[in-house]
Amino acid sequence: MKVTNTGPAAHKLSHAGKEYLLAPGNSIEIELTKEEAAAMPQPFVASGEPVAPAKAEKAKPEAKAEDK
């Protein structure tokens, strides 16, 4: 998605362990889910197509060793 700084001053945006410094009116393309885009702090605005949320990995049941 495209994230744009709509504020009057430069602001830092942190996402996925990276920090971006965006001047007013500047934007950056980053992968965001619909939920992340909705939670975008002011003065940032997200637009475009969101990525699908990551699927949680299912834990495999461990085989139990039977004592004989």
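From the N terminus on, the elements of the protein chain follow the order β-β-β-β-α-β. The model is predicted. One helix and five strands make up this set of elements. The chain has 68 residues, and 25% of them count as buried. Its exposed surface comes to about 5700 Å². Carbon and sulfur atoms supply 53% of that surface. Contacts along the chain were also sorted by separation in sequence. Among those between residues at least 6 apart, 44% join residues at least 24 apart.

Strands E2 and E3 form a hairpin with two residues between the strands. E2 covers residues 11-15, and E3 covers residues 18-22. The two strands pair in the antiparallel sense. Five bridges join them. Within this pairing, His11 stands opposite Leu22 of E3. In the same hairpin, Ala16 takes a positive phi near 55°.

Asn5 belongs to strand E1, which spans residues 2-5. The relative accessible area of Asn5 is 0%. Asn5 is therefore buried, since the cut-off for a buried residue is under 20%. The side chain of Asn5 makes polar contacts with backbone oxygens. The backbone oxygen of Leu22 is reached at 2.8 Å. The backbone oxygen of Ala9 lies 3.0 Å from a polar atom of the Asn5 side chain. Leu22 is also the residue opposite His11 in the hairpin pairing. Both His11 and Leu22 are among the residues that Asn5 touches. Beyond four places in sequence, Asn5 also touches Ala10, Ala23, Pro24, Gly25, Asn26, Pro43 and Phe44.

Glu31 lies in a loop. Strand E4 (27-29) comes on one side of this loop, and helix H1 (34-38) on the other. Is Glu31 buried or exposed? Its relative accessible area is 61%. Glu31 is therefore exposed, because the cut-off for an exposed residue is over 50%. Glu31 still has contacts beyond its neighbours within four places in sequence. These contacts are with Met1, His15, Glu36 and Val51. His15 is 16 residues from Glu31 along the chain. The C-alpha atoms of the two residues are separated by 9.3 Å. His15 is in strand E2, which covers residues 11-15. Glu36 is in helix H1, which covers residues 34-38.

Asn5 and Glu31 thus fall into opposite classes: Asn5 is buried, whereas Glu31 is exposed.

Conventions: Residues are numbered from 1 along each chain as its sequence is written. This is a predicted model: local features need pLDDT of at least 70, side-chain atom pairs count only at pLDDT 80 or more; totals for chains, interfaces and linings use all residues. Side-chain values use heavy atoms; hydrogens and water are left out. Two strands pair if DSSP finds at least two bridges between them. Helices (H or I, at least four residues) and strands (E, at least two) are DSSP runs, numbered from the N terminus. Buried means under 20% relative accessible area, exposed over 50%, partly exposed in between (1.4 Å probe, protein chains only). Contact means heavy atoms within 4.5 Å. Accessible areas come from the Shrake-Rupley method with a 1.4 Å probe; for residues, only the protein chains shown count as cover. A polar contact is a pair of N or O atoms within 3.5 Å; within protein, one must be able to donate a hydrogen and the other to accept it, and residues adjacent in sequence count only if both atoms are side-chain atoms.
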